[in-house]
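Welcome to a short set of exercises on reading a protein model. Try each task on your own, then follow the worked solution step by step.

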Amino acid sequence: MKFLKYIVLIVVAVSLNGCAGGYSFTGASISSDVKSFQVNFFQNNALLVEPGLDRDFTNSLIDLLLNQTNLDLVKSNGHLIYEGEITEYRISPTTATAEITAAQNRLTMTVNVRFFNMKNEEDNFESRFSFFYDYPASAQLTGAIRAAAYEEIFERLTQDIFNASLAKW
């Protein structure tokens, strides 16, 4: 009986080892020859410029890739390269009250992304990603409201970029 346990353990270990490098628990399909990524600075080219937004978004994308892959972050010559710009940062009213004033505002952010896979050029793409956050019109987009808006927007945008580039969703 002990002998059978060892055989099963060896078969499982060999099976899991054979899958290494192709898939992850995050849904990413990364070739085993891809070892690194670089994220170039996403400059804010939107009409409404919010100081620090470009840095915060760039860092958010880096953090997601570090947390969801086992790839190394490099400053140049990455196997995967992410670059682009923030093309829209807009606040607009979304709903009105009976007095014809805004009841809710919407912050919308759009980024244009260019993705390059230096190991497989068929994966390269350029695409726009957009998401929004609604907040009460009586509130200012500062402090905790701005932090919550950025957190939700960045989480969705970076996950969409990850899915398009590595999970192929």
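**Exercise 1.** Decide whether Lys 119 is buried, partly exposed or exposed, and find what it touches.

*Solution.* Start with the scale: with a 1.4 Å probe and only protein chains counted, buried means under 20% relative accessible area, exposed means over 50%, and partly exposed lies in between. Lys 119 has 42% relative accessibility, so it counts as partly exposed. Next, locate it: Lys 119 sits in the loop between β5 and β6 (125-136). Helices (H or I, at least four residues) and strands (E, at least two) are DSSP runs, numbered from the N terminus. Then look for contacts, meaning heavy atoms within 4.5 Å. Setting aside residues up to four places away in sequence, Lys 119 touches Asp 33, Val 34 and His 79. Finally, check one of these partners: His 79 is 40 residues from Lys 119 along the chain, yet their C-alpha atoms are separated by 6.4 Å.

A word on the source before you go on: this is a predicted model, in which local features need pLDDT of at least 70 and side-chain atom pairs count only at pLDDT 80 or more, while totals for chains, interfaces and linings use all residues. Residues are numbered from 1 along each chain as its sequence is written, and side-chain values use heavy atoms, with hydrogens and water left out.

**Exercise 2.** Find out how confident the predictor is, and where pLDDT stays under 50.

*Solution.* pLDDT is the predictor's confidence in each residue, from 0 to 100. Its mean over the protein is 87, and 81% of the residues reach 70 or more. Now look for the weak stretch: over residues 11-25 pLDDT stays under 50, and the model has nine contacts beyond four places in sequence for them.

**Exercise 3.** List the elements of the protein in order.

*Solution.* Count by type: there are three helices and six strands. Then read from the N terminus on, which gives α-β-β-α-β-β-β-β-α. As for the whole protein, buried residues make up 38% of its 169 residues. Among contacts between residues at least 6 apart in sequence, 66% join residues at least 24 apart.

**Exercise 4.** Compare the expected span of helix α2 with the distance between its end C-alpha atoms, then do the same for α3.

*Solution.* The expected span is 1.5 Å times one less than the number of residues. Helix α2 (residues 53-68) has 16 residues, so it should span 22 Å, and its end C-alpha atoms are indeed 22 Å apart. Helix α3 (residues 143-167) has 25 residues; from its first C-alpha to its last it reaches 34 Å, close to the expected 36 Å.

Now turn to the buried residues. An α-helix has 3.6 residues a turn, so residues three or four places apart point the same way. In α2 the buried residues include Leu 53, Phe 57, Leu 61 and Leu 64. In α3 they include Tyr 150, Ile 153, Leu 157 and Ile 161. Just after α3, Lys 168 takes a positive phi of about 60 degrees.

**Exercise 5.** Work out which residues of strand β1 point one way and which the other.

*Solution.* In a regular strand the side chains alternate between the two faces of the sheet. In β1 (residues 36-39), Ser 36 and Gln 38 point one way, Phe 37 and Val 39 the other, and all are buried. Next, find the partner: strands pair if DSSP finds at least two bridges between them. Two bridges join β1 to β3 (residues 72-73), and the strands run parallel. Within this pair, Ser 36 stands opposite Asp 72.

**Exercise 6.** Trace the side-chain polar contacts of Thr 110 and Arg 114.

*Solution.* A polar contact is a pair of N or O atoms within 3.5 Å; within protein, one must be able to donate a hydrogen and the other to accept it, and residues adjacent in sequence count only if both atoms are side-chain atoms. Thr 110 is found in strand β5 (residues 102-117), and at 2% relative accessibility it counts as buried. Its side chain makes a polar contact of 2.7 Å with the side chain of Glu 88. Arg 114 also has its place in β5, and its side chain is joined to that of Glu 85 by a polar contact of 3.1 Å.
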